[in-house]
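Work through the exercises below on charged side-chain pairs. Each task is followed by a stepwise solution.

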Amino acid sequence: MIKPARKNVKAFLGNIRETIRKHAASSADVLIWTLNPKIRGWANYHRHVVSGKIFGLVDNCIYKYIWQWMKRKHPRKRKSWLVDKYWSKGSLPWSFSAVIEEGDAKSARIELERAHNIKIKRHVKIRGDANPFDPKYEQYFRKRYAQRNAQRANRCNRHKTSQPGGPKRACLMNA
């Protein structure tokens with residue numbers, strides 16, 4: 001069974017911890033906007049192997065780092081106050097989140113990505129006897145191509161979010 005390497009997991013968690021330390025004085029929404037692409041990218045890279053338990057371990061470590069960040073940022077506040085301020089009970093229980101104020105009374109809640117929410121998807125091999133130049137396999141390759149394009153469109157729509165105070169990010173998936 002192929003799993004993410006221990007060195008890779010340690011390096012990733014070190015990078016996350018260093019990012020949180022650099023953002024010690026930042027607000028929660030800036031921290032979330034900084035961490036989400038890193039978590040999503042690392043989890044997407046490792047989603048094709050046996051990594052469910054590793055994703056849970058990574059999420060637990062990030063949870064501990066966030067608690068340390070909150071305690072440093074608000075040393076005199078109680079745990080119940082921290083929970084009410086930062087941990088939403090919205091779409092997912094106990095998800096680190098922040099409210100973004102955009103313009104005239106518009107507000108949105110953003111949440112920190114969790115690695116175990118990235119769906120594990122196994123690599124689908126091409127059939128050994130299939131030849132893209134053989135007309136009898138034309139339907140097989142059209143189906144594979146359509147599935148791949150549908151997945152790309154899904155990813156592209158998911159990444160079209162606006163950052164606070166900035167323009168929408170362009171999706172480069174189809175480029």
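A salt bridge here is a side-chain nitrogen of Lys or Arg within 4 Å of a carboxyl oxygen of Asp or Glu. The model is predicted.

**Exercise 1.** Find how many salt bridges this rule gives.

Solution. Apply the cut-off of 4 Å between nitrogen and carboxyl oxygen. The count comes to three salt bridges.

**Exercise 2.** Test the pair glutamate 113 and arginine 40, then place both residues in the chain.

Solution. Step one: the N to O distance is 3.4 Å, and the side chains form a salt bridge. Step two: glutamate 113 sits in the loop between β3 (106-111) and α5 (138-158), while arginine 40 belongs to helix α2 (residues 28-45). The two are 73 residues apart, and the pair links distant parts of the chain. Step three: check accessibility. Arginine 40 has 13% relative accessibility and therefore counts as buried. Glutamate 113, at 25%, counts as partly exposed.

**Exercise 3.** Do the test for glutamate 138 and arginine 142.

Solution. Step one: N to O is 2.5 Å, a salt bridge. Step two: both residues lie in helix α5, four residues apart, or about one turn of the helix. Step three: glutamate 138 is partly exposed at 39% relative accessibility. Arginine 142 has a relative accessible area of 53%, so this residue is exposed.

**Exercise 4.** Classify the pair arginine 127 and aspartate 129.

Solution. Step one: their side chains meet in a salt bridge at 3.6 Å, N to O. Step two: arginine 127 is partly exposed, with a relative accessible area of 41%. Aspartate 129 is partly exposed at 48% relative accessibility.

Definitions and conventions: Residues numbered from 1 in each chain as written. Predicted model: local features only at pLDDT ≥ 70, side-chain atom pairs only at ≥ 80, totals over all residues. Heavy atoms only, no water. Buried < 20%, exposed > 50% of the residue type's maximum accessible area, 1.4 Å probe, protein only.
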